[in-house]
Amino acid sequence: MRTPPRARTALTTLLAAAALAVTAVGCGSAAEEAGGGSPTKEGNAGAGREGGGVTVSHLKGSTTLKQPAKKVVALEWTYAEDLLALGVSPAGVADVKGYGQWVTGGPRFGADVKDVGTRQAPSLETIKALKPDLIVTSKVRSEANYEQLNKIAPTLMFDPYSTDGEYEEMRATLKTIGTAVGKPEAADAALKDLDAKIDAAKRKLAAGKKNGAEVTVARGYTTDGAAVVEVLTDSTIPGGLLPRLGLRNAWKGKADAYGMSKVDIEGLKPVEKSSLVYVAAKDDDVFTTSLPKNALWQNLDFAKGKRVHALDPGTWFFGGPFSTAQVADEIASALTS
């Protein structure tokens with residue numbers, strides 16, 4: 001899923017810049033795939049419509065386009081999903097294959113969408129060859145290489161892992177991108193549709209008498225032969241969804257840069273009275289393989305009470321409106337089935 005970059009020296013920064021020019025192949029393990037925080041308030045973008053100039057705000061300040069962007073490259077899956085939600089087919093996307101595996105909410109890319117390499121190290125040559133009029137990326141992937149990208153085409157940078165709330169950040173960024181591509185009404189419609197789906201999931205939970213239920217949301221994978229469990233805090237998209245679904249997040253642990261807490265089995269003891277919902281790859285589901293063999297796990301109340309529920313492996317906790325709606329529906333279905 002994802003490994004947070006930590007640029008601690010000038011050498012690291014130089015290496016990161018060099019890596020951007022390499023087109024990587026293949027899809028990483030589950031541990032490498034998940035994926036970046038300053039909150040933006042909904043509606044922070046300048047007004048704009050088809051045919052007119054637009055100015056939008058992002059982490060690097062403001063960017064003015066002479067006209068709404070038509071040919072857009074997305075270097076983060078979240079923003080590729082946002083484009084699809086706006087009715088825009090991206091010209092290029094980082095790691096198209098990985099998107100197809102991990103992000104299953106919403107429509108698929110057309111055959112003409114160009115793979116521009118990995119999210120960690122996209123190919124500058126491939127991006128440049130597409131002649132985009134806009135690039136959208138995240139701070140966690142492109143902080144060290146922003147200027148290189150911005151020389152190819154105007155580049156918007158966001159940080160989807162806002163400590164103040166990834167859910168609100170997701171909504172605000174969708175609206176900003178909507179303005180940049182001349183589709184602000186499409187952004188509003190996508191968010192309205194998302195709200196309707198969240199309300200539907202809330203009603204489903206209420207009908208199942210789950211109002212006020214405590215829930216722990218996690219993901220798991222294997223690294224170096226050992227099971228890894230990451231629990232999602234209130235700052236994440238699932239954490240932001242739970243109260244909107246009439247549920248309570250049982251987890252109160254300290255968040256890392258991505259809004260999660262890495263724990264061992266004993267660390268789950270404080271939330272054992274809750275229901276645990278999780279995402280894991282089909283071929284690496286530690287919640288059904290290695291963890292149940294552990295006596296500490298067997299004695300956790302949610303394990304004994306059979307309140308451990310798998311969500312669809314393609315439920316992406318870090319995406320746009322389609323993924324967020326899928327998270328809401330998957331949680332509601334898991335708790336009421």
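Let's start with helix 10. Six of its eight residues are buried, so helix 10 is largely enclosed by the rest of the structure. Keep in mind that this is a predicted model.

Which residues of helix 10 are buried? They are I237, P238, G239, G240, L241 and L242. And what do those buried residues pack against? There are several partners. Three are helices: helix 8, helix 9 (184-207) and helix 13 (321-336). The others are strand 8, strand 9 and strand 10 (248-249).

Now look at the two ends. At the start of helix 10, find T236. A side-chain oxygen of T236 reaches to within 3.1 Å of the backbone nitrogen of G239. Just after helix 10 comes G246, with a positive phi of about 80 degrees.

Let me pick one residue from this helix. I237 sits in helix 10. Is I237 buried or exposed? Its relative accessibility is 3%, and the cut-off for buried is under 20%, so I237 counts as buried. Who touches I237, leaving out residues up to four places away in sequence? E166, Y167 and M170 do, and so do F317, F318, G319 and T324. Here is a distance to check on your screen. I237 and G320 are 83 residues apart in sequence, yet their C-alpha atoms are 9.5 Å apart in space.

Next, helix 8 against helix 10. Helix 10 covers residues 237-244, and its axis is 6 Å from that of helix 8. The two pack at an angle of about 100 degrees. Angles of 65 to 115 degrees count as roughly perpendicular, so that is the word for this pair. On the helix 8 side, the residues that meet helix 10 are E166, Y167, E168 and M170. On the helix 10 side, they are I237, G240, L241 and R244.

On to the sheet. This one is open and has five strands. The order is 5-4-3-6-7, and the pairing is parallel. Which strands are at the edges? Strand 5 (114-115) and strand 7 (155-158), as each pairs on one side only. Strand 7 pairs with strand 6 in the parallel sense, over four bridges. Look there for S138, which stands opposite F158 in strand 7.

Helices pack on this sheet too. Helix 3, residues 77-85, touches strand 3 (72-74), strand 4 (92-93), strand 6 and strand 7. The direction of helix 3 makes about 140 degrees with that of strand 3. Helix 8, residues 166-180, packs on the sheet as well, touching strand 6 and strand 7. Its direction makes about 170 degrees with that of strand 7. So helix 8 has come up twice: it packs on the sheet, and it packs with helix 10.

Now a hairpin. Strand 1 is joined to strand 2 through two residues. Strand 1 (residues 54-58) and strand 2 (residues 61-65) pair in the antiparallel sense, over five bridges. One bridge links V56 to its partner T63 in strand 2. Strand 1 also has two faces. V54, V56 and H58 make the covered face. T55 and S57 make the uncovered one.

Another residue to find is S261, in strand 11 (residues 260-263). Its relative accessible area is 6%, so S261 is buried. A polar atom of its side chain lies 2.5 Å from the backbone oxygen of K254. Setting aside neighbours within four places in sequence, the contacts of S261 include V229, E230, V231 and W251.

Two loop residues, then we are nearly done. First, some background. Most residues other than glycine have a negative phi. K131 is not a glycine, but has a positive phi of about 50 degrees. Where is K131? In the loop between helix 5 (124-130) and strand 6 (134-138). K131 has a relative accessible area of 68%, so it is exposed. D224 also has a positive phi of about 50 degrees, and is not a glycine either. Find D224 in the loop between strand 8 (214-223) and strand 9 (226-232). At 79% relative accessibility, D224 is exposed.

Last, the whole chain. It has 13 helices and 13 strands. Of its 337 residues, 53% count as buried. The accessible surface comes to about 14500 Å², and 52% of that belongs to carbon and sulfur atoms.

Conventions:
Residues numbered from 1 in each chain as written. Predicted model: local features only at pLDDT ≥ 70, side-chain atom pairs only at ≥ 80, totals over all residues. Heavy atoms only, no water. Buried < 20%, exposed > 50% of the residue type's maximum accessible area, 1.4 Å probe, protein only. Areas by Shrake-Rupley, 256 points an atom, 1.4 Å probe, with all protein chains shown as cover. Pairing = 2+ DSSP bridges. Contact = heavy atoms within 4.5 Å. Axes fitted to C-alpha atoms, helices over the stretch in contact; angles between N-to-C directions. Polar contact = N/O pair within 3.5 Å; in protein donor to acceptor, adjacent residues only side chain to side chain. Parallel < 35°, antiparallel > 145°, perpendicular 65-115°, else oblique.
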